[in-house]
Amino acid sequence: MKVLLLKDPKEDDRGQDPYIRELGLYGFEATLIPVLSFEFLSLPSFSEKLSHPEGYGGLIFTSPRAVEAVELCLEKDNKTEVWEKSLREKWNAKSVYVVGNATASLVNKIGLDTEGENCGNAEKLAEYICSRESSALPLLFPCGTLKGEILPKMLKDKGIPMESITVYQKIPHPGIQANLNSYYSQQGVPASITFFSPSGLTHSLKHIQELSGDSIDQIKFAAIGPTTARALAAQGLPVSCTAESPTPRALAAGIRTALQPHSC
């Protein structure tokens, strides 16, 4: 059974995308098509903030792109040595809050210890931060232009200071239409399509509707988390599956359940 995932392929230590592997264990033939590209913004300003850990109570990362922005700052400003000698240690003396294991592993790679990665989404992470945070200094939150408002609002309501800085924006992947056309012409209409973000949905839905035609009613739509599920519902699409956590294993289990005959 063929399933389509609208995300970038990312190989793990075993040389395969973990989503393809987990879905393969259930007998699904998964294909990945990237729908988003990213532009980085405000890196000089972000780099300056990273150089002054004494001004912050800690860091919040809710996406892999925000971690990439840190790496770019270190590379562009030749700060890698300073980071390894002193900055990293100073940030590690503070809390580094993270959503999801994928983001956490990237944060670990730049030498920072993380907490909260098992929370699964921004709302649960906000609850976790609120239960632990007591610093008078603001938490530094590098984010995208389309950051959700749940986490900032929950922290504000609890009186926890936070300073957000927009370090990337999502733009449509230049190859979306051609890649989807190619997939549909070679593979046909998939049994399931998974969306990984509201913006990914925005940039791909029109093409999917056109290519699927009347068969769209047969597709089981899946979401990687509650925010994306709400975006699907807002477009009038039935959500057959929302992953219990944003992991390959949870998504694969959810899709298997959605595609079992009794759930039709």
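## Working through a predicted model

At 6% relative accessibility, Cys 241 falls in the buried class. Keep that residue in mind for the first exercise; the model is a predicted one.

**Exercise 1. How many disulfides does the structure hold, and how far is the sulfur of Cys 119 from the closest cysteine sulfur?**

Start with the burial of Cys 119: its relative accessible area is 14%, and that makes it buried. Next, look for a partner. The closest cysteine sulfur to that of Cys 119 belongs to Cys 130, and it is 11 Å away. A disulfide needs the two sulfur atoms within 2.5 Å, so this pair is too far apart for a bond. For the structure as a whole, the count of disulfides is 0.

**Exercise 2. Is Ile 60 buried or exposed, and which residues does it touch?**

First place it: Ile 60 belongs to strand β4, which covers residues 58-61. Then check the accessibility. Ile 60 comes out at 0%, and the cut-off for buried is under 20%, so Ile 60 is buried. Now list the neighbours, skipping residues up to four places away in sequence: Ile 60 touches Tyr 97, Leu 125, Ile 129, Leu 139, Leu 140, Phe 141, Pro 142, Leu 151, Leu 155 and Met 162. For a sense of scale, take Gly 236: it is 176 residues from Ile 60 in sequence, and their C-alpha atoms are 33 Å apart.

**Exercise 3. Which residues of helix α2 are buried, and what covers them?**

Go along α2, residues 43-50, and pick out the buried ones: Leu 43, Phe 46, Ser 47 and Leu 50. Seen down the helix axis, these buried residues fit within an arc of 105°, so they line one face of α2. Then see what covers them. The cover includes the strands β3 (36-40), β4, β6 (139-144) and β7 (162-172), along with the helices α3 (64-76) and α4 (80-92).

**Exercise 4. How many aromatic pairs does a search of the whole structure find? Describe two of them.**

The search turns up 6 aromatic pairs. Take Tyr 19 and Phe 196 to begin with: their ring centres are 5.4 Å apart with 85° between the planes, an edge-to-face pair. This pair links distant parts of the chain, as Tyr 19 is in helix α1 (residues 18-25) and Phe 196 is in the loop between β8 (192-195) and α9 (198-212), 177 residues apart. Tyr 19 and Phe 196 are both buried.

Now try Phe 38 and Tyr 168. Here the centres are 5.7 Å apart and the planes meet at 65°; edge-to-face calls for over 60 degrees, so this pair is edge-to-face. It also links distant parts of the chain: Phe 38 is in strand β3, Tyr 168 in strand β7, and their positions lie 130 residues apart in the numbering. As for burial, Phe 38 is partly exposed at 22%, whereas Tyr 168 is buried at 7%.

To round off, go back to Phe 196: the charged end of Lys 7 sits over its ring, 6.0 Å from the centre.

**Exercise 5. Where is Arg 21 found, and what is it in contact with?**

Arg 21 is in helix α1. Its relative accessible area is 16%, so it counts as buried. Leave aside neighbours within four places in sequence, and the contacts of Arg 21 are Asp 12, Arg 14 and Gln 16.

Methods:
Residues are numbered from 1 along each chain as its sequence is written. This is a predicted model: local features need pLDDT of at least 70, side-chain atom pairs count only at pLDDT 80 or more; totals for chains, interfaces and linings use all residues. Side-chain values use heavy atoms; hydrogens and water are left out. Helices (H or I, at least four residues) and strands (E, at least two) are DSSP runs, numbered from the N terminus. Buried means under 20% relative accessible area, exposed over 50%, partly exposed in between (1.4 Å probe, protein chains only). Contact means heavy atoms within 4.5 Å. The arc is that of the directions from the helix axis to the C-beta atoms. Rings of Phe, Tyr and Trp (its six-membered ring) pair if their centres lie within 6.5 Å; planes under 30 degrees apart count as stacked, over 60 as edge-to-face and the rest as tilted. A charge sits over a ring if NZ of Lys or CZ of Arg is within 6 Å of the ring centre and within 35 degrees of the ring normal.
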